[in-house]
Amino acid sequence: MNRADNVIDIAGLTKTYASGELQVQALRGLTFSIKRGEYVSIMGPSGSGKSTLMNVLGCLDRATTGTYKLDGIDVSQLDDNQLAEIRLKKLGFVFQGFNLLARTDALRNVTLPLFYAGMPAKERERRALERLTEVGIGERARHKPTELSGGEQQRVAIARALVNDPAVLLADEPTGNLDSKTSSEILALFDRLSATGRTIIVVTHDEGVAKRSRRILRMLDGVIMSDAPAGAPA
Amino acid sequence: MLAYFIEAAQVLMANRTRSILTLIGLVAGVATIVSVQVAANGMAGAVSGIFKGTNASTFIVFPKITQGNAARAAFRVSDLALVQETIPGVVSVIPYSRSQTIVDVGHHRIRLRFGGESDKRFSTAPLVAGRTINADDVAGASSVCVISDNAFSRLFPEAPSASDIIGRSVYVGSKRYVIVGVLGKTKIDTAALGLDISTDVAIPYTTFYKNYQRGGTFPFLSVLAATSADLKSVEAQTVKLLASTHGSQYQAFDFGFIASIIGSFFNIVGLIVGAVGAISLLVAGIGIMNIMLVSVTERTREIGIRKAIGARRSQVLLQFFIESLLLSAFGCITGMLIGVGLGAIVDRGFIARISGVTGSIPWLEAIVIAVGFATIVTLVFGTYPAYRAAKLDPIQALRYE
């Protein structure tokens, strides 16, 4: 396998939380790679370490030991500001609770990463509107999140996650707060993004969601139990 | 950088009620301090204006209190001519003699300022009827008087005009004085302010001296100089001349000096009120800090989102810092404008109406106060909430409900 094709390279990754006297090993040595353009699901029950993995993958948290290369950059030893820079340029987040700024309209929510990247206002708005149109809610750009349905809010969140053209789109239970009809719309959008070559990682405990991806990593007690193409028997 | 200001302004506008509530304390504090500054400035201007209106080129000379031999230091009639003829720039010298006395005319008995201010030029009030006390009156120590507008209106409330009372008499104790002249209002209504220093019933100083100041000496000299410009030098020369003549020590006292004392009194009042206002600003500043801290807590999730998206610590710090700055700048500038407005209303509507002198608005002080407090409030009270916001852990912040 050509390593340059790997957008994520993880080797011997552990994460230990010190909780008083107790040491909690949330991740117990993970090694895997994700290729550019892959659509991967991470599954596992509560406490399996999938949220911790998500935080580490998202550069919100650092691993205790092991290496993590994201888009060719070793991010294991970066400081907070450098991690912020990586999140800004290489990652896009989609959350279960949408996590939009409540009093700010859709367009300005989407411009936010560009604002932190220091892009001029005109260019920010042009790019943001482009993304909103791409996810199918360009005409709702001037609405505040409270005026949008759950599905629409999640589309705004996806537009925001994509606006900086990240190397990886990370989605944490993206359909967890949505009804089944809206969920399938969002999943269809993910399919479409995947088809255009986006690297997508979805953390979920919903088999239906995981089945839409091409590859499923199943976690239990901080280790990967199975790594198989979707559709293979669990 | 501009983008941060726009961003902060949008956040503050989105939370309009909270922003306005935060500002009230700050606006009130700055408005208080600035309005007192403006009013005190107007008051000080009015006071110095009043004394200018009286006659800025007069001064009083008297023996120093430490002077041992009072009899030797006391002035004699010969000193009047000596000073007037020796010192260049001296126009007139009269004994300064004045007392609060019951003056009566018929059934009106009123307490008035009575004295031997026989030279009309010491006052700035115009003559409205009759004549002034002349050289013959002084030479003959005649029993005549010129009364002020204040004395006229209070002693003769029924008289239709000032000219009607020329030739009538007023009594001071058993002595009778014939009114030969009536003075009008001075340009500035000093009586209304309780700051009147003019003589109500003026008689020839020779008469005053004959009737009330037996012994041939008097304790004060009143000197009128040609201009107020080099009053200090005329004062110094007069004091020196009298000292060498009498072998005693003297000091001079002019109204400009009194005005400067009163002016500094108002400055002190301004300072004290300013200090009280500063305490209210401290409270307002703590209010801002409190609101900003609440805002940080309330917006924990928002901060988490911003950090997850890729905002650096310094960018979050800057955002909250600029929000504080905008809040305090807006509050202080609004407070300053309200303060200048209130101060100007007090000055124009009240102080100026009485004194006739409109104080200038101390814009520089007002701006310095507003900008100074905005800076201090931001730095002291805005930094901590911004720091708290910046160091939030994004994972924790995102989990915050």
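Helices H3(A) and H4(A) are oblique to each other. The reason lies in their crossing angle: the axes of H3(A), residues 106-116, and H4(A), residues 121-134, cross at roughly 120°. Angles from 65 to 115 degrees would count as roughly perpendicular and those over 145 as roughly antiparallel, so this pair falls into the oblique class. The model is predicted.

The two axes come within 8 Å. The crossing of H3(A) and H4(A) is right-handed. On the H3(A) side, the contact is made by A:Ala106, A:Leu107, A:Val110, A:Thr111, A:Leu114 and A:Phe115. H4(A) brings A:Arg124, A:Glu125, A:Arg127, A:Ala128, A:Leu129, A:Arg131 and A:Leu132. By class, the contact of H3(A) with H4(A) has eight nonpolar, one polar and four charged residues.

Now turn to chain B. Here helix H4(B), residues 77-86, packs with helix H9(B), residues 231-246. Their angle is about 135°, and their axes are 11 Å apart. That angle makes H4(B) oblique to H9(B). H4(B) passes H9(B) in a right-handed crossing.

Which residues of H4(B) and H9(B) meet? From H4(B) come B:Asp79, B:Leu82, B:Val83 and B:Thr86. They meet B:Thr238, B:Leu241, B:Leu242 and B:Thr245 in H9(B). By class, the contact of H4(B) with H9(B) has four nonpolar, three polar and one charged residues.

Note on methods
Residues numbered from 1 in each chain as written. Chains lettered and ligands numbered in written order. Predicted model: local features only at pLDDT ≥ 70, side-chain atom pairs only at ≥ 80, totals over all residues. Axes fitted to C-alpha atoms, helices over the stretch in contact; angles between N-to-C directions. Helix = DSSP H or I, 4+ residues; strand = E, 2+ residues; numbered from the N terminus. Parallel < 35°, antiparallel > 145°, perpendicular 65-115°, else oblique. Left-handed = near helix turned anticlockwise from the far one by under 90°. Contact = placed C-beta atoms within 7 Å. Nonpolar A, V, L, I, M, F, W, Y, C, P; charged D, E, K, R; others polar.
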